[in-house]
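Let's take a walk through a protein together, starting with the whole and then stopping at a few spots along the chain. Keep the picture open and follow along.

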Amino acid sequence: MHIIPFIVREPILDSKQKVIGYRLGWQSHPGAGGESREADAEYLAGFIAEQLNDEDEGWLMGDKLLFIDTVPSLLTDEIMESLPNENIVLTLSVDDLDDPNTIAAAKALRAEEFGICLSIDPANAQKVQNHSYISHVLAQVSAVNIPMQAKAFLSAKPSAARMIVYPVETWKDFDDCAALGMEVFVGNLYLTPRPGNHVNGLNPAQTIILKLMEMIQKNEDIAQIEAVLKRDAAVSYKLLRFINSAAFGLGREIHSLRQALALLGYAPLYRWLTMLLATASTSGYSPVLMETAIIRGRFAELLGQGTLPKSDADNLFITGMFSLLDKSLGMTIPEVLETIPLAKPIQDALLTRTGIYGPYLALAEACELNLPQVATIAASIQMSPAAVNMAHMSALEWAQNLGL
């Protein structure tokens, strides 16, 4: 019987720090070799096809690429017909291509515009020169002098292939690799501020957003709330852009805050202001932090839907978003909580991952950071791997429809 593991993800950034895609893989689990590895690869491909490639709407991830660690047998599996050619990059070991049949299958998929990525290390870097048809090279580097290693890999790769460096753990190494035209799997680097651009506290736009949140909590008059919002045209524009995005699904265009309040009510608007607060950051963190916060908030919310009342699920979105607000604001979580009054269950989750919301936030965070506690946390709230994976992919897709 195939054991369904938990999906984990890692963002890939281009040289301008834009999130161009994600690497999807499995949290390791017992017996993950041999036949189980093949079953895992087949299940992941099928799951992506089912969750992210809608029969009517097509690919739900916009222009994002998904990198999937795979096995040779999957290359000729009929499941490939259900995946979007231009958005899927299949990652193989360079040693997998010692088999002529695997080479033939890889070439056939490449001809159909699937991406083919070869994972290499210094010991087998020269082998990649034999495979001019590939689209990407994943260069596994050690922590010492990454730019020098990257240059050595560059000299070995086919000229048309894009190079991805992994792992990169400092922004200096990221910048050095970006200067060479490389892309980077950033792991948890986005949790680290970029040097020389430290921000501490709220900027003017965030101050206005916070004022609006306080007014909504107090149920103040719509006209007064609208007057505050009009102080910053950029904030007004962003808020209306979020509300009119495909992710919100209103089916009609909203042109003013007054319309938004009349249609949505105060609680949903508060939720969107929460997201706006994080995205208005000018801190020294990479923009990937913003996207991660939105995905984490939505992921936590979806995990709670069906098991918690709707109001609690809404609060889980806010909890997930605020769990990274310390990074956006350059403040500690206790300092954030002094600035922004929040209900005690949200505070408990943010400070100690305890209380009613704590496990849901911890689970979303663990899948994002590939922490070993994923299965234990999921079991504590009686969630199956399949249910967690569905929530994870839905959150990923939802964030792409915000028009960030």
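Before we start, one working term: two residues are in contact, or touch, when they have heavy atoms within 4.5 Å of each other. Try it on Pro345, which touches Ile356 and Tyr357 once residues up to four places away in sequence are set aside. Pro345 sits in helix 14, which covers residues 344–352. How buried or exposed is Pro345? With a relative accessible area of 31%, Pro345 is partly exposed, because that label covers everything between under 20% (buried) and over 50% (exposed). For a sense of distance, look for Leu109: Pro345 and Leu109 are 236 residues apart in sequence, and their C-alpha atoms are 50 Å apart in space.

Now zoom out. Keep in mind that this is a predicted model. The protein's secondary structure adds up to 17 helices and ten strands. Its C-alpha atoms fill a box of roughly 70 × 50 × 40 Å along the principal axes. Is that what you'd get from a compact globule, or something else? A globule of 404 residues would have a radius of gyration near 22 Å, and the protein has 22 Å, so the two agree. Of those 404 residues, 55% count as buried. The chain also folds back on itself: take the contacts between residues at least 6 apart in sequence, and 65% of them join residues at least 24 apart.

What about the outside? The protein exposes about 17,400 Å², and carbon and sulfur atoms supply 51% of that area. As for charge, there are 29 positive and 46 negative side chains, and the centres of the two sets lie 9 Å apart.

Next, the inside. In soluble globular proteins, nonpolar side chains tend to be buried together. Here, the largest nonpolar core has 139 residues, and Ile48 and Phe322 are the ones with the most contacts inside it. Helix 10 (residues 288–304) gives the most to this core, with nine residues. Apart from it lies another core of nine residues, including Ile20, Phe67, Leu138 and Ile164. If you pick out Phe322 and skip residues up to four places away in sequence, you'll find it touching Met213, Thr274, Leu277, Ile333, Ile340, Leu342 and Leu350.

Let's go to strand 1 (residues 7–13), where Ile12 is found. Ile12 counts as buried because its relative accessibility is 0%. Beyond its neighbours within four places in sequence, Ile12 is in contact with a whole list of residues, among them Lys18, Val19, Ile20, Phe67, Ile164 and Phe185. Ile12 and Leu66 are 54 residues apart in sequence, yet their C-alpha atoms are 9.4 Å apart in space.

Strand 9 is our next stop, and Tyr166 is found there. Tyr166 is partly exposed, with a relative accessible area of 26%. Leaving out residues up to four places away, Tyr166 touches Glu10, Arg23, Leu138, Ala139, Gln140, Val141 and Phe185. The C-alpha atoms of Tyr166 and Phe185 are separated by 5.6 Å, with their positions 19 residues apart along the chain.

Time for some backbone oddities. Most residues other than glycine have a negative phi, and most peptide bonds are trans. Which kind of bond runs from Tyr166 to Pro167, cis or trans? That peptide bond is cis, with omega near -10°. Pro167 itself belongs to the loop between strand 9 (162–166) and helix 4 (171–179).

Then there's phi. Glu113 is not a glycine, but its phi is positive, at about 80°. You'll find Glu113 in the loop between helix 2 (100–111) and strand 7 (115–120), and its relative accessible area of 45% makes it partly exposed. Gln382 also has a positive phi, near 55°. Gln382 is in the loop between helix 16 (374–380) and helix 17 (385–400), and it is exposed, with a relative accessible area of 77%.

Last stop: Ser281, in the loop between helix 9 (266–279) and helix 10. Ser281 is partly exposed at 23% relative accessible area. Beyond residues up to four places away in sequence, Ser281 touches Asn203, Gln206 and Ser328. Asn101, by contrast, is 180 residues from Ser281 in sequence and 51 Å from it in space, C-alpha to C-alpha.

Key
Residues are numbered from 1 along each chain as its sequence is written. Side-chain values use heavy atoms; hydrogens and water are left out. Helices (H or I, at least four residues) and strands (E, at least two) are DSSP runs, numbered from the N terminus. The radius of gyration is taken over C-alpha atoms; the globule rule is 2.2 Å times the number of residues to the power 0.38. Buried means under 20% relative accessible area, exposed over 50%, partly exposed in between (1.4 Å probe, protein chains only). Accessible areas come from the Shrake-Rupley method with a 1.4 Å probe; for residues, only the protein chains shown count as cover. Lys and Arg count as positive and Asp and Glu as negative; His and the chain ends are not counted. The place of a charge is taken as NZ of Lys, CZ of Arg, CG of Asp or CD of Glu. A nonpolar core is a set of buried Ala, Val, Leu, Ile, Met, Phe, Trp, Tyr and Cys residues joined through side-chain atoms within 4.5 Å.
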